[in-house]
Amino acid sequence: MNDLRALTSSALLGTERSPLGILENPHLEEARQSLEPHGQAKQLLGTAILAFNLTRAGAQASGKIPSLAPAAADTRPIIPEAAQERLQQLFAQQADLIPEWLELANQAGFRMPHKDLIALLEYGRQHTDQRQKILPLLDSRGRWLAQQNPQWAWATGDTSSLETALETWETGSKAARVLALQSIRQDNPDQARTLLESVWKSEPADERKSFLIQLQIGLSEADEPFLESCLDDRSKEVRSFAALTLSRLKSSAYNLRMANRAKQLLQNGKKGIEIVLPEWTNDLSRDGIEKTPPHGIGEKTHWWQSIIGRAPIEIWYSHLQLTALEILKQIPKMWRKNFIDSILLFGLNGYWANALLEYDAKMISENSVMATLPIDSRQKYIQKHIFSKPLQEQIYWTHWMSDPWDLSFSQSALEWILSSGKQVLTSKKKHFGSSFHDFKVRIHLQAFQQWKLKPETLSLVKQLEQVIAQDKYSYSVKDFYEYLQDLITTLETRAAMRKELQP
Amino acid sequence: MTQLTSTQILSLAPDTSSASSGKALSNPSKWKTLGSSDMAIWGECQGSGKDPYRTGVDLSDYTAKCSCPSRKFPCKHGIGLMLIHASKTLETATPPDWLSTWLEGRQKRAEAKTAPPKEQSLEETKKSEKAAIKRLEAREKKVELGLEEFGLWLSDQIKNGIANAPSQPYSYWETVAARLIDAQAPGLARMVRELPTAASSGTNALLEALARLHLIVSAYSRLETLSASTQADVRAAVGFTQDKAELMQKTVPRNKWQSLGQIIVQEDNLRVRRTYLENLENKEYALLLDFAVGNQPMTGGLPIGVNLETELIYYPSHLPLRAILKDPQILEPAQTLRGITINQALEQYTNALSKLPWLERYPVTLSNVQVVTDGTVWYIQDEHHSLAIQTQDHWQMMALSGGHPVQVFGEYNGTHLVPLSIEVQNTIFMLGGSHE
């Protein structure tokens, strides 16, 4: 509209320098003329409001823009209302229970209400390990929504049946394909591997690795030829991950090669065990051993450590007539510390961890051993070495345990809480910090149901309440009591979650 | 007795933190006692103090009372209690004494409010009326002088040109706003404080804002020549407040209304809550305004997405919209939004603009619209037209609608719609709107 331009340009420069001239629109011009007696500035302002409002009043609605086809109908039953509210509550203040909730909702075969889809898509965007559980809950509406936002590309695939998963594998985004392969592998491991092999050469290195990781699920001898071929891959990351995976196949050619190499490096000599350092051969690199040592280690020592650490533990008895523990004891003193550090650093699969713990738990940092130890050995270690001691200020080992804890371990943990509670009541220890903070999401519910009805538990709670009611309590008692309450409420919440999510 | 859904209850929360702490207290295990009658629900909740807090909710209008020290209203205990009531049936019991006392007190106060004011002697009435007239005259004089000065300032802007306006410091505008406050014209002062925003968004926006101010100033200068309702609009724009007590004296028929949507915006140190209602018989809109200064909580919220029966008294205006409620009774959750086409909505807006030329926004409900985006801007569109929307909830609207036609209620400001609620297959969802 030319008149608006005339009005604004005159206002910009000021009516003193640039007075308002004749306007095109007869209504505006009429207004301009009638306002002349009020002076130029008021004339402009008065005409301007009319001009702006005429524009507003005359505004035409814009035409349509292209739109997507609407979402297809959902196929699953909606989550019961109580469970929906529960999830809201978890999002607001108890995010650590969300994975368990998702698992339960998934098992029951429900779908999310549409109003909560975005919260779930955003959660999955940040928590990649939860995506497989989220996918089925999204149903048609959620997948339709995800197609429209690149940040939710992982959620566009459908893994609810083999058929749809195969389709996603063929046509989906990278993230959606990883999830599709994962779900195919779970039920049809051979088919998943064959699918992967058929596209292997055309996939970029990044994706080859993400796909290869999925073979960990349901790993078997049948995977060996393919994994072996991956040792010749162009990407270093793919090669070393293939080596790691092969080492988990007990009778693999890879393990045999490592065993043969390792046997050369520890020999029975006249004065006990003798150390022999290896020479470099190019096949070492193929099997995932790095030629260049890290800073501070000689290269031969580094190769020696890498080979010993990767060789299956079972070979030593037939080779040296010694157990791992005996080897640790008899290895020359100047090598011992080095040896221990290295099998922790370069070893795979925790072959040595049990022996190390038995040999001298103090000498090595628990953290590094635990990391390589299989779960059942970790449990045994904690039950033996930690639950036997009084409650400590900090509990640092819960992350060594996978979720959820099994019945017997949960029982020991709860017993340990009981005995700790008694100590808190009698001792004058000052502070227990957040001690058993994350027990609550891990403890087996059945163990809890039994425990909460035990006379010892009831009497401990009663005693704590009495002490607190007397107003003469130490902070440690109050802290302990609060954590105990929190533990109980959370476990009750978890029990309620199960009920709410019954199919 | 009305049963609200948890979403509606959460819309009563004065802020998000009360809403989420309320949710935490919606677990019955956190309550020592719980009970209900036809009139009310109540409970005792152990807080950090020695004695548990006593919380009660009057079910006729969902007003809560609590012995906790929080100044929020309703407090988290009130919200928690209502949420429990929404999800499970509480045991019926006789209300405890503390609750009955409160309920009776409320009843009495409500009766006192509707009772005619205490009779004053003729002399007293005359005296107080005289004093009031005197005060008003003094204020009008002050406003008149202030507006004359402000009118000159406006003219000077245009005489000298507004090219430099975007680079003016904040104090440049603030001085003018402060003078208007001194002149007891807070409505204009508020509009002046928005000028820097207009200046930064372009010459057009700034000139329009200045021209709007000019229109109000010149209308005020010839106030007596205008119709009574337009006079009221001009006075409201300048910042004269309407005496609420006087409005409350009026009696209008009780009608059925639906609460449509709500938005809270921050204006300097003030939070303003706009709540929209629709008359279920004649489809007229009404707006309730509530204010809170600083961190003070909002009070007296109405649940959104419900039907209610109430006397609703409009503030005098050529375009009646702002209103107050007298004795609202919540009836039941509402299920639908009844809208019009985009073209009709624009016509409605034009019509409103012709009655109130400085109109900033107007409520509108649209039927059978699809939520769409071109990758940058989001729209709703019906069979023929599209309308730009401004909200942080566009993905939520997409999720709820699934690309199917829905009903949307919101505020239209002449360029885009700020959606405040959406109806999908007989269920209404609140939207967060967008802070302007």
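# Exercises on strands, burial and contacts

In β2(A), the residue bridged to L266(A) is I275(A). The model is predicted: local features require pLDDT of at least 70 and side-chain atom pairs count only at pLDDT 80 or more, while totals for chains, interfaces and linings use all residues. Residues are numbered from 1 along each chain as its sequence is written, and chains are lettered from A and ligands numbered from 1 in the order in which they are written.

**The hairpin of chain A**

Task: find which strands of chain A pair over four bridges, and in which sense.

Solution: Take β1(A), residues 266-269, and β2(A), residues 272-275. These strands pair in the antiparallel sense (strands are DSSP E runs of at least two residues, numbered from the N terminus; two strands pair if DSSP finds at least two bridges between them). Next, look at the link: a hairpin of two residues leads from β1(A) to β2(A).

**The four-stranded sheet of chain B**

Task: give the order of the four strands in this open sheet of chain B and say which strands stand at its edges.

Solution: Begin with the order, which is β1-β2-β3-β4 with antiparallel pairing. The edges are β1 (31-36) and β4 (63-66) of chain B; each has a single partner strand, so one side of each has no neighbour in the sheet. Then turn to β2 (40-45) and β3 (53-58) of chain B, which are joined antiparallel by six bridges. One of the bridge partners in β3(B) is Y53(B), opposite C45(B).

**The five-stranded sheet of chain B**

Task: give the strand order of the five-stranded open sheet in chain B and explain why one side of β7 and of β9 has no neighbour in it.

Solution: The order is β7-β6-β5-β8-β9, and the pairing is antiparallel. β7 (285-293) and β9 (323-333) of chain B are the edge strands; because each has a single partner strand, one side of each is left free of a neighbour in the sheet. For a pair within the sheet, take β5 (255-267) and β8 (306-314) of chain B, which run antiparallel and are joined by four bridges. Q258(B) has N307(B) as its bridge partner in β8(B).

**One residue, I428(B)**

Task: decide whether I428(B) is buried or exposed.

Solution: First locate I428(B), which belongs to strand β15 of chain B, residues 427-430. Next count its surroundings: I428(B) is buried because 25 other C-beta atoms lie within 10 Å (buried means 20 or more such atoms within 10 Å, exposed 12 or fewer, partly exposed in between, with C-beta atoms placed from the backbone). Contacts come next (C-beta atoms within 7 Å): outside four places in sequence, the partners of I428(B) include G305(B), A334(B) and S421(B). C75(B) lies 353 residues from I428(B) in sequence and 25 Å away in space, C-alpha to C-alpha.

**Chain B and its side towards chain A**

Task: state how many residues of chain B are in contact with chain A, and which element gives the most.

Solution: Contacts with 49 residues of chain A are made by 49 residues of chain B. α9(B) gives the most to this side of chain B, with nine residues. Chain B as a whole has 13 helices and 15 strands (helices are DSSP H or I runs of at least four residues). Of its 436 residues, 39% are buried. Last, check the scores: the model has ipTM 0.77 and pTM 0.76.

Methods
Two residues are in contact if their C-beta atoms, placed from the backbone, lie within 7 Å.
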